[in-house]
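Hello,

As agreed, I am handing this structure over to you. Please find it below, followed by my notes on what was found in it.

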Amino acid sequence: MTVTAERPASARGTWRRGRVIAAFAVLAALLPLAHPLVPNRPGNAGSLLETFLPWTGLLVVPLLVAALVRRSALALVALLLPALVWGGSFGGRLFDRREHGGDLTVVSHNVNDENPDPVGTARALAAAGAQVIALEELKKSEVPKYEDVLAAGYPYHSVQGTVGVWSTFPLRGTRPVAIMPWTRALQTTVDTPKGPVAVFVAHLPSVRVRLDAGFTANGRDAAMDLLADAVAAESAPRTILVGDFNGTADDRALAPITARLRAAQDEAGDGFGFTWPAALPLARIDQVFVSGVRPVAAWTLPATGSDHLPVAATVAY
């Protein structure tokens with residue numbers, strides 16, 4: 001007669017306990033994969049999720065604690081799924097992908113119209129050594145301060161409404177881009193030694209999270225469509241679009257832009273490059289998008305008097 005040893009009840013229990021935790025682990029794995037399926041109505045829930053999509057990885061932490069407390073082998077194995085999915089989706093962004101070299105460096109910064117130190121901010125940006133500096137949320141009364149500091153190193157500049165561009169190379173054809181009733185975007189051509197580069201600078205409308213309306217982003221989305229139309233109409237073979245987009249590259253609202261241009265941070269960035277809020281950055285809403293050039297490096301600069309961090313990118317062409 002053959003006697004079969006039966007597993008102890010405690011061992012069997014580790015695979016029976018924690019089914020709810022395991023189910024939540026599967027849901028956590030689905031978020032980075034199925035976020036386009038999350039509806040944007042009501043309240044732009046999908047767009048809000050995509051703004052903070054990399055942070056979905058933190059869902060593993062409380063689930064792991066719960067699995068350990070329950071001593072559930074089932075839940076622990078299930079948690080491998082969201083960990084692997086997150087790693088496949090965002091793991092590459094943890095590393096420094098910057099290279100040396102390049103032909104043109106661009107800095108972009110929402111300087112904040114309540115910036116207490118415009119002079120210090122301008123000096124910090126000039127010290128980055130970029131050939132092009134783009135500024136958003138310029139306060140009219142503070143513009144002369146930026147002009148005074150940047151004049152020596154950047155002889156060519158133009159301010160259109162609340163955005164401006166400073167360059168070591170000549171600018172031509174600078175004009176406002178109508179994305180809102182007042183001017184918050186511009187278009188110019190930078191004549192570099194290796195040929196012209198079309199540069200767009202934009203500051204899209206802010207978004208808000210409200211209890212009665214959810215994630216309110218209608219103004220931003222409408223401006224995004226108008227900006228995308230202007231970029232699409234540009235005939236130059238090399239285009240750089242920078243600014244404060246009040247949205248991340250993962251946000252579906254930026255699809256009219258990301259369908260045509262690539263995010264320099266995603267290709268050649270140092271880490272996630274979060275830019276807002278400056279004191280504890282949670283999302284990268286300040287962007288450098290490119291077309292017709294190759295991103296060599298992308299990074300954030302140290303904090304200034306603004307509530308945003310400056311962003312920089314070097315491209316080759």
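The largest cavity holds about 140 Å³ of space. The model is a predicted one, and the search for cavities of 30 Å³ or more came to a count of 1. Its lining is made up of 14 residues. Arg93, Thr248, Asp250, Phe272 and Arg284 are the ones that lie nearest the centre of the largest cavity. Two elements give two or more residues to this lining, namely helix 3 (45–51) and helix 11 (264–268).

Arginine 93 is a useful place to begin looking around the cavity. Arginine 93 sits in the loop between helix 6 (80–90) and strand 1. Its relative accessibility is 18%, and since buried means under 20%, arginine 93 counts as buried. Setting aside neighbours within four places in sequence, arginine 93 is in contact with Pro54, Asp250, Asp266, Gly271 and Phe272. Asp250 and Phe272 also appear among the residues nearest the centre of the largest cavity. For a sense of distance, the C-alpha atoms of arginine 93 and arginine 19 are 32 Å apart in space, with their positions 74 residues apart in sequence.

Next is the largest pocket, which has about 360 Å³ of space. Its lining consists of 20 residues, and Val207, Arg208, Asn246, Trp276 and Ile285 lie nearest its centre. Helix 3 and strand 8 (208–210) are the elements that give two or more residues to the lining of this pocket. Helix 3 is thus named for the pocket and for the cavity.

Trp276 leads on to a point about the backbone. The peptide bond from tryptophan 276 to proline 277 is cis, with omega near -15°. Most peptide bonds are trans. Proline 277 belongs to the loop between helix 11 and strand 12.

Alanine 278 is in the loop between helix 11 and strand 12 (286–291) as well. With a relative accessible area of 14%, alanine 278 is buried. What does alanine 278 touch, leaving aside its neighbours within four places in sequence? The contacts are with Ser306, Asp307, His308 and Leu309. For histidine 308, the C-alpha to C-alpha distance from alanine 278 is 4.8 Å, although the two are 30 residues apart in sequence.

Threonine 314 is found in strand 14 (residues 311–316). This residue is buried, with a relative accessible area of 8%. Not counting residues up to four places away in sequence, threonine 314 touches Gly101, Gly102, Asp103, Leu104 and Thr105. Arg294, Pro295, Val296, Ala297 and Trp299 are also touched by threonine 314. Of these, Leu104 and Thr105 fall within the range of strand 1 (104–110).

Two further residues are listed for their phi angles. Most residues other than glycine have a negative phi. Arginine 71 is not a glycine, yet has a positive phi of about 50°. Asparagine 112, also not a glycine, has a positive phi of about 70°. Are these two residues buried or exposed? Arginine 71 is exposed, with a relative accessible area of 62%, whereas asparagine 112 counts as buried at 14% relative accessibility. Arginine 71 lies in the loop between helix 4 (60–70) and helix 5 (73–78). Asparagine 112 lies in the loop between strand 1 (104–110) and helix 7 (118–126).

Last, some totals for the chain as a whole. The protein chain has 11 helices and 14 strands. Its C-alpha trace spans about 95 × 45 × 40 Å along the principal axes. Of the 317 residues in the protein chain, 49% are buried. Among contacts with a separation of 6 or more, 66% come from residues 24 or more positions apart. The exposed area of the protein chain is about 14900 Å², and carbon and sulfur atoms supply 61% of it. As for charge, the protein chain carries 28 positive and 27 negative side chains. The centres of these two sets lie 10 Å apart.

Regards

Technical notes. Residues numbered from 1 in each chain as written. Predicted model: local features only at pLDDT ≥ 70, side-chain atom pairs only at ≥ 80, totals over all residues. Heavy atoms only, no water. Helix = DSSP H or I, 4+ residues; strand = E, 2+ residues; numbered from the N terminus. Buried < 20%, exposed > 50% of the residue type's maximum accessible area, 1.4 Å probe, protein only. Contact = heavy atoms within 4.5 Å. Areas by Shrake-Rupley, 256 points an atom, 1.4 Å probe, with all protein chains shown as cover. Lys, Arg positive; Asp, Glu negative; His and termini not counted. Charge placed at Lys NZ, Arg CZ, Asp CG, Glu CD. 1 Å grid on protein atoms, 1.4 Å probe; cavity = no way out; pocket = protein on both sides within 12 Å on 5 of 7 lines; lining within 4 Å. Points joined across faces, edges and corners; volume = space filled by probe spheres on them.
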